[in-house]
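User: Can you walk me through this model? I'd like to start with how the chains meet.

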Amino acid sequence: MAARVSLFVTCIVDQLFPRVGMAAVEVLERLGFRVDFPEQQTCCGQPAFNTGYREEARQVAQHFLKVFADADYIVVPSGSCTSMIAHHFEDIFEEEPENLRRARDLEMKVYEFSRFLIEVAQVEDVGARLDEVVTFHDSCHALRELQVKEGPRRLLGHVRGLELREMDAAEECCGFGGTFSVKFAEVSGGMARTKIDSIVRTGASTVVSLDSSCLMQLQGALSRAGLPIRTMHLAEVLASR
Amino acid sequence: MSREAVLHKVRTALGRNAGQTVDEPPPARLVVPEVDIEARIQSFCERIEALAGKTYRAASAGMVRDYISTLVAGRTAVASNAPILRECGIDLLPGVQTGITDRDQLRAACSTAPCGISGADYALADTGTLVMLSSPQEARLISLLPPVYIALVARARLLTGLDELLSILPRPAEQTSSMVLITGPSRTADIEQILVRGVHGPGEIHVVVV
Amino acid sequence: MSAAFDQKIHETLADPKLQLAIYKATGRLVEERRKAIEPDLCPDYQELRTHANAIKRHTIEHLDHYLEEFSRQVEAHGGKVVFCKDAEEVSDFVLSLAKERRAELIVKSKSMTTEEIDLNERLEHHHLESVETDLGEYIIQLAHERPYHIVAPALHKTREQVADLLTERLGVPRETVIEKQTMIARAVLREKFLAADIGVSGANFLVADSGAVVIVENEGNARLTTSAPKIHIAVAGIEKLIPRAQDLAVFLKLLGRSATGQRLTVYTSFLSGPKREDEIDGPDEFYVVLLDNGRTKVLADRDKRQSLYCIRCGACLNHCPVYRKIGGHSFPWVYSGPIGAILTPQFLGVRHEPGLPFASSLCGACAEVCPVKIDIPRILLELRSEVKKAEARDGAGRLERLAFRIWAWVMRHPRMYEMAGMAAASLAPSNGDGWIRNAPFNAGPLRAWLSQRDLPPAAAKSFRQMWRER
């Protein structure tokens, strides 16, 4: 019986970048996993948590605990959402022993997409093909809170036809930061432009990341600058044939 | 002034009582490697040269004296009262003032002399550092005011690094009011990140290892 | 955020020369640090950080004990300790000592703590001349400005601006060569060192078992400040304590490398007490001023007291993508960068600049490079929550609070969430697959987003719709 994987698609992918979700499903099924999608899912609560509204975040996180209570594995195509679930649910439920226990259980089961492939599926070659020169953006939560750095690069290394070029500012923040992107729009825009300069210097045609929020920020800035460089989520690259 | 008031606030903030005991701190971390003297001297000299200091290895007291004589070359110099300087005959070089024990006299000499000469109590091989302890033999200003500084280091005093120094000297305050670690010439990059040497301390340093 | 904060940020972003200066200076410090901690040069870097964090945690958790031990040791070596609860007590102390000793001229070495309490202003108000001797600090003193960066106070000044300052304030002929500018300052300050009655320094570390003040520097001005005048006053926050001289093996290795990529700074002074009787030179009197000024408030917060571990290396500033855009003068207080963002609300209250904890994308670069492992992003998140609670109490930010309440309700009701998604998709502007430059309605956040970048078009079908149709 194939292992069952529950997909937490994240609200931003669900509403704005659904193809990323479909790509993740495709890759997981290709690797022999049975993917289910608990339809009651909505959000991990991060927008509220990061803006200082802990009570509102708690309510949404509690809903999440309920929806995914029966999952064996939870796979998330986002570093920041994974980090919210794996690290900050504990802060939210600090004073609630029962919810805290559930959150800790969940922590063991939740995986950012690329980490799931490397550590659970234990594959690096998913049979993908993409003839592009790409550069990889290390999204901050994935890099610094989940310690995801080499995994995605190894996965990209096995994509036929793909050339990976490192940008010098790979680890620098794209400037999204949730509500930061609108509260401090000028700074956020400046950070995006600095990042784009670095991208352009690689000569890559495509920027890849494992966070759609970063990709939204970068694509928005690339588009505004009139640059033909496109963005792709890692799942979309790995689903390409 | 507010000693008890501040201490009280600290204790309240921490939930501690006056006189409450303290757990042991984490053990001090000192890592002293085994490095033979030749490697130490080499590392020491390399580090100093990397910082634009100059080094000279002397095999005898005579070589020390000749080298320093060339460096001083007709200028005045203030030399400390370190025995090693006397042993190498530095006190006899023309232009060298030594034996000063009066604070005002020392200061006057240091603020006009182009060169300062002293012995080093210890030296650190991995960083190219001189260790100076203030004492009746060594005044603070000699290695500080004159724009050219010459230091004499005895091989036996060349330690592997800071960890070894703190291992053999865990309580510097018991010996001196001032222990200074000197690593290279004085420098700044405060304006446009451009490096300038000799801002306040000596811009030129020469280290003689004997 | 306050209009002032917004305005300062905007001005800094609009100045391309300043942007370049900040970027280059911090970039250089980032690169120097990176080289200094490379595995073959510093294989135990991570271990040192863990150890430093543990020592600081222990010291801060037992701070009263170490303050007392430090005091005893200072006094045993002939010095005096002066506890001061605030800025006024410090200046009162210095002024009364100066009066007693008929002192007129004070030389100062670099101390963020003295900037924090505006010591120079207070002394000058009472007609004492107090001259900064660190080159960068001297320049900004001439300019009547605050330091731009913890380690590089005049980072924002060009050589032309320095030339203007020197000519205006010192009356010297205009000089734009940096080396010559430095020599001009050197000559002026040399006279001050030798004439000064009192030297005021800061302290990088206070060593409890030795009663010692440790000062690191590259120029030599701190050595001169603490050795030439007959009186030395060291001013330091109570959090600067470390238990033993031997702990310097860990801290000095981290401080130099983190700040400027140096293994050791040019001068490291370990000073305990006035000159001993048989020593030739050094001060006759030695005072250590231990300052509270709000530190005990920070200390009282179990989760946030780690803010006091800071050894003022500046690495967080150099690596912060926000600092590298908005610079030091956008910050409302004397401490800037990530450490400033967590200290300011704790010292001055969250209402002082409510936008400050939000001026971060929470990228975590600061925490990654902090030599004492302060979890800055975590503290920012806590402060954000405190700002919102304060706003609720003050009746401010009602609209945003309501928006998030509604949002939370929608997110707990999947059907509503789905309907909201479909509604937004149908209302949202579409541009085929192309991204959107302008929207017909431009409410606050939307306008802010669009001011900087394009917006993605709403997906025709959400993921869950596509999933159902498989």
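Analyst: Sure. This is a predicted model. Where chain C meets chain A, 47 residues of chain C are in contact with 52 residues of chain A.

User: Which elements of chain C each supply at least two residues to that side?

Analyst: The helices α1 (3-13), α15 (323-326), α18 (376-394), α19 (398-412), α20 (414-427), α21 (444-452) and α22 (463-468) of chain C.

User: And which one gives the most?

Analyst: That is α19(C), with 6 residues on the side of chain C that touches chain A.

User: What's the residue mix on that side of chain C, by class?

Analyst: The side of chain C that touches chain A has 28 nonpolar, 9 polar and 10 charged residues.

User: Let's zoom in on a helix pair. How do α11 of chain A and α1(C) cross?

Analyst: Helix α11 (residues 185-202) of chain A and α1(C) have axes that come within 10 Å. They cross at roughly 30°. That makes α11(A) roughly parallel to α1(C), because angles under 35 degrees count as roughly parallel.

User: Left-handed or right-handed crossing?

Analyst: The crossing of α11(A) and α1(C) is left-handed.

User: Which residues meet there?

Analyst: From α11(A), they are A:E186, A:V187 and A:G190. From α1(C), they are C:I9, C:H10 and C:L13. By class, this contact of α11(A) with α1(C) has 3 nonpolar, 2 polar and 1 charged residues.

User: Now the other chains. Which pair of chains has the most contacts?

Analyst: Chains B and C, among the 2 pairs of chains that touch. The contact takes 78 residues from chain C and 60 residues from chain B.

User: Where does the largest share of the chain C side come from?

Analyst: From helix α10 (residues 178-195) of chain C, which gives 7 residues to the side that touches chain B. By class, that side of chain C has 33 nonpolar, 23 polar and 22 charged residues.

User: Which strands of chains B and C pair with each other?

Analyst: Strand β9 (residues 178-182) of chain B pairs with strand β9 (residues 267-271) of chain C. The pairing is antiparallel and runs over 5 bridges. B:S178 stands opposite C:L271 in β9(C).

User: What about chain A and chain B? How far apart are their nearest C-alpha atoms?

Analyst: They are 22 Å apart, and chain A and chain B do not touch.

User: Switching to chain A on its own. What domains does the assignment give?

Analyst: It gives domain 1 (4-120) and domain 2 (124-239) of chain A. Their C-alpha centres lie 22 Å apart. In the contact between them, 28 residues of domain 1 of chain A meet 26 residues of domain 2 of chain A.

User: Which element gives the most to the domain 1 side?

Analyst: α2(A) does, with 7 residues on the side of domain 1 that touches domain 2. By class, that side of domain 1 of chain A has 14 nonpolar, 9 polar and 5 charged residues.

User: Is there a sheet in chain A to look at? What is the strand order?

Analyst: An open sheet of 4 strands runs β2-β1-β3-β4 in chain A, with parallel pairing. β2 (34-36) and β4 (110-112) of chain A stand at the edges, each with a single partner strand, so one side of each has no neighbour in the sheet. On average, neighbouring strands in this sheet are turned by 35° against each other, direction ignored.

User: How many bridges join β1 to β2(A)?

Analyst: 3 bridges join β1 (residues 4-7) of chain A to β2(A), and the two run parallel. A:V5 stands opposite A:V35 in β2(A).

User: Which strands does α5(A) lie across?

Analyst: α5(A) lies across β3 (73-76) and β4 of chain A, at about 155° to β4(A). α7(A) lies across β3 and β4 of chain A too, at about 105° to β4(A).

User: Last one, chain B. What is the strand order in its open sheet of 6 strands?

Analyst: The order is β1-β12-β7-β4-β2-β3 in chain B, and the pairing is parallel. β4 (residues 115-119) and β7 (residues 148-153) of chain B pair over 5 bridges. There, B:I117 has B:I150 in β7(B) as its bridge partner.

Key: Residues numbered from 1 in each chain as written. Chains lettered and ligands numbered in written order. Predicted model: local features only at pLDDT ≥ 70, side-chain atom pairs only at ≥ 80, totals over all residues. Domains from an automatic or database assignment. Contact = placed C-beta atoms within 7 Å. Nonpolar A, V, L, I, M, F, W, Y, C, P; charged D, E, K, R; others polar. Pairing = 2+ DSSP bridges. Axes fitted to C-alpha atoms, helices over the stretch in contact; angles between N-to-C directions. Parallel < 35°, antiparallel > 145°, perpendicular 65-115°, else oblique. Left-handed = near helix turned anticlockwise from the far one by under 90°.
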